[in-house]
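Hello,

Here is the structure I promised to pass on. My notes on it follow below.

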Amino acid sequence: MQEIEFGRRLESALEAGDQRSAEFADLDGFYVIWTGELFRGTKYFLKANYDRLLKDNPRFLGLLVGPYAPAADGPYASLPRVTAEEFLAERATRRVGLIQFFTTRFEAAFWASLRPYTMSFISGLDAMGAAHTYVPVRAERDFIRANIARYADMMTRFEDEGSCRMLSARLQGIAALDTEPMMQNNVPPAYQYFNSLSRDYSLLLRDREDLIDVGASWGDYVVKFFDEVKDVANSTVNAFEPNAKEFAPLKTIEAFLPVTAHNTIVSDVTGTGYFHTQLENIGGSHIAETGSEADIRPTVRLDDACEKATLIKIDAEGAEPKILRGAERLLSNPDCRLASCVYHYPGDLFETVDIMAQYGRTRLSFRQYGASMYDAMVYFD
């Protein structure tokens, strides 16, 4: 019965999402809500999407500003700005909408009076056939539609109610093109991967750990790890980052802490590969089929590169399943725990769970961090 109700809710959410997408497609134009530094989530997502989706969009009309909004700078300085009153007056003459990038309940509450006229930016992505991460939002919703029964089964595998609640909220939000369910059901991003307070947030650090960090970036989570683990002197980190620009600061940590930094690609094979670092857009750096000599990196398997691990953290832009397949020896040890991202591609969650089941690992939980389509995690403890 619960599975049937779960399926009905998702079907209803998908229908609502289809309607929201159609409503966005029917708009004559839209504004983006802007309150400067007060809305950090909005500022981040506006910056991330301005060039690729907004700047040259003829229906993008500018910013709706509110109290405390400083003068927009940089690429937003020349954008038209309207107040809530001016927007409502314009709605009387044509179909205009408000796009919001809200990621906190505070942001939503701040503009609650305009709620009837706002829609989440992911509804625009769906209507434009655009991707949020790597595949179009519509493809993510189609995947949910085709796999409702598999998601219902997944709910029965989790160790805790929080996992069911947060996965259900994520699926409902993507299906309905509305971040509200995720806004009400998530863990603050500060607790992602591991923490020293509670198992309710992520993996609870032991006094001493041997951490493997795949996708270590410049070392932000390496720093967090040593800030929270109790036995710093006897804990170790193997940090892997193929991005040349981010690897440089990561490498400097070796001089101060028990860290070994690797400028390599982690996969399920050993050899060489290409990794293209985009200096103008670090987030767009990626593994490539070909490249220059400067792009060549060693490719390693974790089982070959690391003797031991008590905790493996992976954020590798969709390469997580390949990395897991190259870590069978490490992950078959029940003392080695896993924190892996499962949001880059729609099938990542199922693929990760299936691989770990082959290693005899079935004790798992799910967490959603923040109210966006990013930062969904699966944990094996």
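A good place to start is A239, which stands opposite A261 in strand 10. This is a predicted model, where local features need pLDDT of at least 70, side-chain atom pairs count only at pLDDT 80 or more, and totals for chains, interfaces and linings use all residues. Residues are numbered from 1 along each chain as its sequence is written, and side-chain values use heavy atoms, without hydrogens and water.

Strand 9 (residues 236-240) and strand 10 (residues 259-262) pair in the parallel sense over 4 bridges; pairing requires at least two DSSP bridges between the strands. Strands (E, at least two residues) and helices (H or I, at least four) are DSSP runs, numbered from the N terminus. Between these two strands the chain passes through helix 11 (residues 244-252), in a right-handed β-α-β crossover (clockwise from the first strand over the helix to the second, with the strands pointing away from the viewer).

The wider picture is an open sheet of 7 strands with mixed pairing, in the order 10-9-8-15-16-18-17. Its edge strands, each pairing on one side only, are strand 10 and strand 17 (364-368). Within the sheet, strand 15 (residues 311-314) and strand 16 (residues 337-341) are paired in the parallel sense, also over 4 bridges. There, R337 in strand 16 is the bridge partner of L311. Helix 8 packs on the sheet and touches strand 17 and strand 18 (376-380), where contact means heavy atoms within 4.5 Å.

Happy browsing, and best wishes

Definitions and conventions. Axes are lines fitted to C-alpha atoms, for helices over the stretch in contact, and angles run from 0 to 180 degrees between N-to-C directions.
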